[in-house]
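Here's a quick briefing to read with the structure open beside you. Skim the lead, then dip into whichever topic you need.

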Amino acid sequence: MTSDQQSAGVSHAGPSGWVRDALRVHEEQAAEEEAARGSHRGSPQPRAGTVREELVLERIDRARRSRPRVKEERITMSHGAGGKATQTLIEAVFLDGFRNPLLEPLEDAAALRVGEARLALTTDSYVVSPLFFPGGNIGDLAVNGTVNDLSVSGATPLYLSAGFILEEGFPVADLGRIVTSMREAADAAGVQVVTGDTKVVERGKADGCYINTAGVGAIARGLDLGVANARPGDAIIVTGPIGDHGVTIMLARGELDIEADVTSDTAPLNGLAAGLLSATPGVRAMRDATRGGVATILNEIAKAANVGVLVSENDIPVRAEERGASELLGIDPMYVACEGRLVAVVDGAAAGDALAALRAHPLGGQAAVIGHVTADPPGIVQLKTAFGGTRIVDLLVGDPLPRIC
């Protein structure tokens, strides 16, 4: 409905004072945009280059540049969801408390120099529920997740630690299954679990089993990856369909009356990442799309490099099963976790070589360029929708998803 039609309809009904005021403001804004930018009169959405769009982007930029501060008095589940609350907690509490040059890049692993060697160090904790799900369990998930954090940092994974927090009454047979899966996953990735720890807590104080891992890997000489390296013109590549793991976990919990043939994508990415790095020197950065999904990684790229990111909805690979389940649940696959997919930022001129290398690997057969880095608007991720419009893709707000890792 156009603004003229809206006005005519309301006049017929006899508008109240606040309705007339709202319509007047709407018409004034539309007139300003038409005069200043030549936009369509009465457009209900911010159009590219309009006064209204510039105001929206200015407000977003101002909010992002403000000093992070945790407003809540107590930790909530949102602080662990991988979105805005998580980012604020990390920057306002942990980064502020431990600040140093090795931590400040906030990459998936810290790059350390020990003598002449360069090492990557990472750590992660796994609290997934349920412990066993289609395609894997908490054990292989822990190994693969740690291997992947090292791999996307450009390192060759070498050694892992494994710490177990077990709940009183947890079945020993289940623990054996988990450990067997960890050993098999470590063998597949070419790493060893070389140290660990075990703690037992009282019944009801844990979900059966939590696992903490740390990993060490070797970084090749001269390699320096990081999302802050992104430059306008770079291609953004995802190595396969997104959202498999998160949707699988949601349905495996049995709380939703939805059935779908979905399986977690948990897998070690060290071979895939090594193949990409060998194929081209144009790789700027890699990230594995876990908590917060691909949308979070794109926002991290835009913020760290102070660039814009433009991606196309039609180019983002999503399996029909995951898309259907996401639509039923009212969630966006862009925010759903993966455990066997990475996002790579590659020099635009090297995108062809990068895609060929990824598609030659069993885990990268459906790799696709989903968008590009742009100069403007800095710090903002935009999605070109399937309907031809454009919308901003911000960080996840709240906690709409269950624990997925």
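## A buried threonine, and what surrounds it

Thr146 counts as buried, because its relative accessibility is 0%. Keep in mind that this is a predicted model. Zooming out, the protein has 405 residues, and 45% of them count as buried. Its secondary structure adds up to 11 helices and 14 strands. If you look at contacts between residues at least 6 apart in sequence, 79% of them join residues at least 24 apart.

**Three buried spots**

- Thr146 is part of helix 5, which covers residues 138-151.
- Skipping neighbours within four places in sequence, Thr146 touches Thr122, Tyr126, Leu160, Thr213, Ala214 and Gly215.
- Val345 belongs to strand 11, residues 342-346, and Val345 is buried because its relative accessible area is 2%, with the cut-off for buried at under 20%.
- With neighbours within four places in sequence set aside, the contacts of Val345 are Ala230, Asp234, Ala235, Gly282, Val283, Arg284, Ala285, Ile301 and Val373.
- Here's a sequence-versus-space pair to click on: Val345 and Ile236 are 109 residues apart in sequence, yet their C-alpha atoms are 4.8 Å apart.
- His79 sits in a loop, the one between helix 3 (51-65) and helix 4 (84-98).
- Even so, His79 counts as buried, at 6% relative accessibility.
- Beyond its neighbours within four places in sequence, His79 is in contact with Val70, Glu72, Arg74, Ala85, Thr86 and Leu89.

**How helix 8 and helix 11 pack**

- When two helices pack, the description comes down to the angle between their axes and the distance between the axes.
- For helix 8 (residues 270-279) and helix 11 (residues 351-359), the axes come within 9 Å and cross at roughly 145 degrees.
- The crossing of helix 8 past helix 11 is right-handed.
- On the helix 8 side, the residues that meet helix 11 are Leu272, Gly275, Leu276 and Ala279, and their counterparts in helix 11 are Asp353, Ala354, Ala357 and Leu358.
- Sorted by class, this helix 8 and helix 11 contact has six nonpolar residues, one polar and one charged.
- The charged one is Asp353, because Asp falls in the charged class, and the polar one is Gly275, because Gly is counted as polar.

**Phe132 and its arginine**

- Which charged end sits over the ring of Phe132? That would be Arg177, at 3.9 Å from the ring centre.
- Phe132 lies in strand 3 and counts as partly exposed, at 23% relative accessibility.
- Arg177 also appears among the contacts of Phe132 once neighbours within four places in sequence are left out, along with Asn137, Asp174 and Ile178.
- Phe132 and Arg253 are 121 residues apart in sequence, with a C-alpha to C-alpha distance of 9.8 Å.
- As for ring-on-ring pairs, a search of the whole structure turns up zero aromatic pairs.

**Backbone oddities**

- Some background for this group: most residues other than glycine have a negative phi, and most peptide bonds are trans.
- Ser129 and Pro130 are joined by a cis peptide bond, with omega at about 5 degrees.
- Pro130 is in the loop between strand 2 (117-126) and strand 3 (132-133).
- Another cis peptide bond links Asp376 to Pro377, where omega is about -10 degrees.
- Look for Pro377 in the loop between strand 12 (368-374) and strand 13 (381-384).
- Leu106 has a positive phi, near 55 degrees, and is not a glycine.
- Leu106 lies in the loop between helix 4 and strand 1 (110-114), and counts as partly exposed because its relative accessible area is 31%, in between the 20% and 50% cut-offs.
- Asn306 is a non-glycine residue with a positive phi, near 55 degrees.
- The loop between helix 9 (293-305) and strand 10 (308-312) is where Asn306 is placed.
- Is Asn306 buried or exposed? Asn306 counts as exposed, because its relative accessibility is 54% and the exposed class starts over 50%.

Technical notes
Residues are numbered from 1 along each chain as its sequence is written. This is a predicted model: local features need pLDDT of at least 70, side-chain atom pairs count only at pLDDT 80 or more; totals for chains, interfaces and linings use all residues. Side-chain values use heavy atoms; hydrogens and water are left out. Axes are lines fitted to C-alpha atoms, for helices over the stretch in contact, and angles run from 0 to 180 degrees between N-to-C directions. Helices (H or I, at least four residues) and strands (E, at least two) are DSSP runs, numbered from the N terminus. A crossing is left-handed if the near helix is turned anticlockwise from the far one by less than a right angle, and right-handed if clockwise. Contact means heavy atoms within 4.5 Å. Buried means under 20% relative accessible area, exposed over 50%, partly exposed in between (1.4 Å probe, protein chains only). Rings of Phe, Tyr and Trp (its six-membered ring) pair if their centres lie within 6.5 Å; planes under 30 degrees apart count as stacked, over 60 as edge-to-face and the rest as tilted. A charge sits over a ring if NZ of Lys or CZ of Arg is within 6 Å of the ring centre and within 35 degrees of the ring normal.
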